[in-house]
Amino acid sequence: MKRSTLTLPYLLAMLVLAGCFGGGGGEPAPPMRPSDIARDTMDAGLEAFGQHNFANASLLFERSYQEFRSYDDAAGMTAALMNRAEIDLLMGETVAAGRRLASARTLVDRDALAHFAARLSYMEARQAQQAGDAEAAGARLEAARAAAGSDDQLALMLDLLAADLALHADPATAEAQVATLLDRTEGRGDATAARVQRLRADLAIAQDQPAEALDALRAALADYQAAEYRPGIAATHETWAMLLRAQEDWAGVADHLTRAIAVRLWMSDRVHTASDLDTLAEANSALGQEERANAFRRVRDYLRGDSDVDWGRVRASLAGY
Amino acid sequence: MADASGRTRVHYIHGLSYSARERLVGVFVLGALVILLAMVAVSKDLVQAFQDTVQYNVFLPNATGITNDTKVFVAGFEAGEVVSFEVTDDQRIRVVINVREESAKAIRFDSEAWIESLNPLQPPTIQVSQGSASEPPLPAEANIPVVDRLDFPEMLANLMGAVRNLNDTLNQVNLLTGAVDPADIGKVAANLATTSEHLAALSGQVASGQGSLGTLLFDESFEQELVSAMGTLNSTLRSTQARMDQLENVFNAAEQLTDQSSSALAGLPELLQQTTSLIGQLNQTMLTVNSEMEQFPDLVLRTRLLMEQMDETLLAIQNTWPISDNLPQPTQQELVELAPPND
């Protein structure tokens with residue numbers, strides 16, 4: 001019988017090599033857990049939201065909600081619902097936002113998810129304000145203040161909302177709040193500073209100071225454009241158009257609304273686009289462009305209908321104008 | 001080797017004496033030499049190689065296809081070949097040719113050289129024309145002037161242009177003849193004949209004072225009435241002229257307006273057509289984009305899952321590395337960025 005040529009040193013060397021390289025590649029990666037899938041979906045939604053791609057973000061948040069729900073993760077479900085509701089608020093879908101925020105509230109209260117409380121109350125206040133319920137908005141605002149803690153950014157947003165609510169209730173009382181906010185956001189040049197400038201414009205419009213309003217709108221638009229914040233850019237053009245509408249500068253109204261609609265269309269914003277088209281049709285009628293006005297009204301009616309929106313069709317209909 | 005009787009046969013050479021063998025070999029060698037010399041004698045090229053030649057220079061604008069083997073023809077006969085060629089300082093091609101002495105006699109001061117490449121299947125040649133008998137022979141190493149002759153590709157290109165023109169002309173003639181109806185020509189000829197007959201009759205009547213024209217030309221009372229009528233017409237025309245002057249400004253303004261409208265309207269149909277087409281394309285594109293966007297979230301999710309798996313694998317590989325513990329852990333974010341109210 002022939003003797004093996006493998007001696008002890010050879011065997012030891014092979015064992016050492018196997019030990020060195022076997023650790024990394026020997027064991028396959030474990031299968032993804034449901035929480036990983038839900039988290040990934042949520043992250044994708046957050047990314048889409050950051051790019052203002054709200055249509056995709058909505059779908060991804062909805063899917064992540066389903067994933068979290070599949071293994072009964074209340075915190076994940078709440079986060080997904082609130083994110084989806086944030087999109088609804090930005091899109092002017094007030095009813096849908098209210099429905100989702102109510103679901104989130106149920107989960108927060110049931111499982112005592114305290115870290116969501118302040119933010120949820122802030123969103124509920126905004127939803128109530130959009131729905132025209134200033135009293136409920138004020139109440140939710142106070143609840144948010146109570147839960148805000150040391151979150152400076154949330155505190156600033158709450159002050160903004162408070163000033164906005166005051167402005168619509170009594171412009172004189174909002175003057176000091178707006179001045180304070182201007183001081184706090186001076187030099188920031190971001191979307192929050194732009195929102196404060198827009199608040200200043202709203203105040204000037206309410207106090208019948210069009211020149212001041214125009215100045216504030218210019219500053220707001222510059223900040224929004226620097227921050228490339230699409231919802232704010234569109235909202236500023238819309239406020240600007242309302243200012244010019246009061247002056248019956250219909251050409252100016254048409255110009256700013258056309259620019260606002262372009263941004264709203266990109267975001268697939270159904271409610272605001274329909275509202276903008278309504279005013280744009282009015283401006284075109286005033287300018288004697290009845291055919292264009294009718295075309296805008298047709299698209300407006302389609303957007304306000306019950307069916308799902310075919311955005312390709314909407315964009316194609318408006319492309320000629 | 002053995003024959004039928006069993007005796008061994010040997011080659012005849014072994015039966016020859018040594019001196020006989022030497023003689024036999026000598027005969028073969030001499031025979032081979034004779035055959036070689038005979039072949040040299042009958043070979044034309046070799047014969048020509050030993051003939052006296054005269055060298056000439058030919059300056060060519062280009063040397064396309066010219067090699068050291070390029071043949072030189074004088075008066076159509078093969079007379080020599082290219083010896084060498086080089087590029088001169090002034091960027092011309094200097095080609096040195098050797099022409100056999102007997103052919104060189106035909107090269108005179110008025111001889112010209114050119115490259116001929118009429119047959120695309122054969123290499124080009126250098127042609128030298130036969131000079132006039134009254135001119136003196138061109139001395140050796142002189143320059144033969146070069147003339148530009150059409151080569152085959154140029155001829156073909158020219159011919160193609162001519163053929164194309166001819167084709168166009170024929171097409172136009174065809175269209176013209178197709179548009180003419182032979183029956184119309186017959187009618188025109190008949191009408192012309194009738195018209196000439198009428199002209200003859202008319203001129204006869206005018207000459208005799210018949211008809212309106214005859215009366216106009218030959219009746220004096222009609223002339224007076226005509227003068228009176230023309231006077232009335234003149235006054236009417238003057239008042240009309242005054243009105244027309246007033247209207248002129250209006251017409252001018254209208255004309256400008258029409259011009260502007262016309263120029264504006266001229267591009268309108270095209271613009272509308274382009275807009276319609278654009279809207280159609282845009283619609284199609286958006287429909288496609290829309291359908292793809294509907295799939296987008298799913299695609300993003302799957303891609304992310306794949307990336308996650310890849311990340312897991314990479315992490316597993318990195319486990320073998322000592323610094324794996326120092327890799328930063330990803331931060332987790334649950335909610336979107338805070339949005340200001342009413343944006």
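Surface, helices and burial in a predicted model

Biologist: How much area does chain A expose, and what share of it do carbon and sulfur atoms supply?
Modeller: Chain A exposes about 15300 Å², by the Shrake-Rupley method with a 1.4 Å probe, where for residues only the protein chains shown count as cover. The share supplied by carbon and sulfur atoms is 52%.

The model is predicted, so local features need pLDDT of at least 70 and side-chain atom pairs pLDDT 80 or more, while totals for chains, interfaces and linings use all residues. Residues are numbered from 1 along each chain as its sequence is written, chains are lettered from A and ligands numbered from 1 in the order written, and side-chain values use heavy atoms, without hydrogens and water.

Biologist: How many helices and strands are there in chain A, and which helix holds A:His237?
Modeller: Chain A has 16 helices and zero strands, taken as DSSP runs numbered from the N terminus (helices H or I, at least four residues; strands E, at least two). A:His237 falls within residues 230-246, which form helix H12.

Biologist: Is A:His237 buried or exposed?
Modeller: Buried means under 20% relative accessible area, exposed over 50%, partly exposed in between (1.4 Å probe, protein chains only). The relative accessibility of A:His237 is 2%, so this residue counts as buried.

Biologist: Which residues does A:His237 contact beyond four places in sequence?
Modeller: A contact needs heavy atoms within 4.5 Å. With neighbours within four places left aside, the partners of A:His237 are A:Leu221, A:His256, A:Arg259 and A:Ala260.

Biologist: Is B:Val29 buried or partly exposed?
Modeller: B:Val29 sits in helix H1 of chain B, residues 18-42. Its relative accessible area is 46%, so B:Val29 is partly exposed.
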